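Here's a quick briefing on the fold, the surface and a few ring contacts. Have a look at the model first.

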Amino acid sequence: MQTTITEGKRMAHHLKYLAITLTLLIALSFTFERQAYAYVDPGSGLLIFQGISAIFSGALFYFRRRLKNLFVKTPKGMSQSSRPL
């Protein structure tokens, strides 16, 4: 039992160290930024919106049975698995 507690503390210490290191690396990357002569296409926002909506509708399609079970009552004699779609 004692080993799992010390392993948990060690894992938490490693995760905290990793989070601090990543935060410092991100901060340094913003500190040493250079001027970028780049062009952003006006349609890029629509492409991002399309990707987000595709993820959302895909998740709804994937979890449709669970969402339906939230709103539909099952009869008392019928099990959840034998219920028609």
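Buried means under 20% relative accessible area, exposed over 50%, and partly exposed in between (1.4 Å probe, protein chains only). On that scale, Tyr62 is exposed because its relative accessibility is 65%. Bear in mind that this is a predicted model: local features need pLDDT of at least 70, side-chain atom pairs count only at pLDDT 80 or more, and totals for chains, interfaces and linings use all residues. Residues are numbered from 1 along each chain as its sequence is written, and side-chain values use heavy atoms, with hydrogens and water left out.

**Fold**
- The protein chain has three helices and zero strands, with helices (H or I, at least four residues) and strands (E, at least two) taken as DSSP runs numbered from the N terminus.
- Phe63 sits in the loop between helix 2 and helix 3, and it counts as partly exposed at 37% relative accessibility.

**Surface**
- Just 1% of the 85 residues in the protein chain are buried.
- The accessible surface (Shrake-Rupley method, 1.4 Å probe; for residues, only the protein chains shown count as cover) comes to about 8,700 Å², with 69% belonging to carbon and sulfur atoms.

**Ring contacts**
- There's one aromatic pair, where pairing takes ring centres of Phe, Tyr and Trp (its six-membered ring) within 6.5 Å, and planes under 30 degrees apart are stacked, over 60 edge-to-face and the rest tilted.
- That pair is Tyr62 and Phe63, edge-to-face at 4.8 Å centre to centre with 85 degrees between the planes.
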